[in-house]
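Biologist: I would be grateful for a close look at one part of this model, with its surroundings described residue by residue. Please set out the conventions as you go.

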Amino acid sequence: MNRIKLLIIGLITISTVNQGYSQISYSIKAETGFLKYQYNTIQVDPGPNWKGYYLYEENGIDLNIINGFDFNKKLFAGIGLGYLNYEGVNGLSIFSDFEYLPLKTRLTPLINLKIGYSHIWNQYDNGTGTGLGEFCVGLNYRLTEKMDIYAKSGFTMTQQSLLIPIRLGIRF
């Protein structure tokens, strides 16, 4: 009798673990964005070595590749690498990316959070590196079972500046 109970508990456990893993899948996101400069988030009292703000009224573009996991087609968590260009000032970013899709319908809203680091080669020796934070909302459209396209916007804070990103991307 104890063996039968143990066998049933074992089968239920294996079934539960198997069902849990089947809800996780690997995904890649590729996205591009226009970064509209708004203003500097700090005011500087210039000293003798000050060479200007890290970004000064420079709009930008970026290209990002993000690798991560989809959990039950609602939550995405990944790590990304991006190329930045602010009107000729080049840079790189590395970040964690979290995206939540509240509905499982073909068209659903999305909420996105990026936290990381960006480095640009501006007028300072060796450039400047700062934290990167981005919060966006948008719409996600499921083209097929394994491919989505999305558009989103919100705000980005990096390089002592506030920017408004307008992003388009694809997840597969």
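Biologist: With which residue does Arg 167 form a salt bridge, and how far apart are the closest N and O atoms?

Modeller: The partner of Arg 167 is Asp 62, and the closest N and O atoms of this salt bridge are 2.7 Å apart. The pair links distant parts of the chain, since Arg 167 belongs to strand 8 (residues 161-171) and Asp 62 to strand 2 (residues 60-71), 105 residues apart. A salt bridge here is a side-chain nitrogen of Lys or Arg within 4 Å of a carboxyl oxygen of Asp or Glu. Both partners are buried, Arg 167 at 2% relative accessibility and Asp 62 with a relative accessible area of 3%. Buried denotes under 20% relative accessible area, exposed over 50%, and partly exposed the range in between (1.4 Å probe, protein chains only).

The model is predicted: local features need pLDDT of at least 70 and side-chain atom pairs count only at pLDDT 80 or more, whereas totals for chains, interfaces and linings use all residues. Residues are numbered from 1 along each chain as its sequence is written, and side-chain values use heavy atoms, with hydrogens and water left out.

The setting of the pair is a barrel. The protein has one helix and eight strands, and the helix precedes the strands in the pattern α-β-β-β-β-β-β-β-β. These elements are DSSP runs numbered from the N terminus: helices are H or I with at least four residues, and strands are E with at least two. The eight strands close into the barrel in the order 1-2-3-4-5-6-7-8, with antiparallel pairing; two strands pair if DSSP finds at least two bridges between them. Of the 172 residues, 37% are buried.

The salt bridge of Arg 167 and Asp 62 is part of a wider arrangement. The whole structure contains 14 salt bridges. A network of them links Lys 29, Glu 31, Asp 62, Asp 97, Glu 99, Lys 114, Glu 134, Arg 142, Asp 148, Lys 152, Arg 167 and Arg 171.

Within this network, Glu 31 forms a salt bridge with Lys 114, whose closest N and O atoms are 2.2 Å apart. Here too distant parts of the chain are linked, with Glu 31 in strand 1 (residues 24-40) and Lys 114 in strand 5, 83 residues apart. Glu 31 is buried at a relative accessible area of 4%, and Lys 114 counts as buried at 2%.

A further member, Lys 152, meets Glu 99 in a salt bridge of 3.4 Å, N to O. Lys 152 lies in strand 7 and Glu 99 in strand 4 (residues 89-100), so this pair ties together parts that are 53 residues apart in sequence. Lys 152 counts as buried at 3% relative accessibility, and Glu 99 is buried at 1%.

Lys 152 also connects to Glu 31: their side chains make a polar contact at 3.4 Å. A polar contact is a pair of N or O atoms within 3.5 Å; within protein, one must be able to donate a hydrogen and the other to accept it, and residues adjacent in sequence count only if both atoms are side-chain atoms. Neighbours within four places in sequence aside, the residues in contact with Lys 152 include Lys 29, Glu 31, Glu 99, Asn 112, Cys 136 and Arg 167. Contact means heavy atoms within 4.5 Å. Lys 152 thus touches Arg 167, with which this account began.

Strand 4 places Glu 99 in its wider context. Glu 99 is on the covered face of strand 4, together with Val 89, Gly 91, Ser 93, Phe 95 and Asp 97. The uncovered face holds Asn 90, Leu 92, Ile 94, Ser 96, Phe 98 and Tyr 100. On one side, strand 4 pairs with strand 3 (residues 75-86) in the antiparallel sense over twelve bridges, where Leu 75 has Tyr 100 as its bridge partner. Two residues separate these strands in a hairpin, and Glu 87 in the turn has a positive phi of about 45°. Strand 4 also pairs antiparallel with strand 5 over ten bridges, through a hairpin of six residues. Strand 5 (residues 107-120), which carries Lys 114, is joined in turn to strand 6 (residues 128-144) by 14 bridges, again antiparallel.
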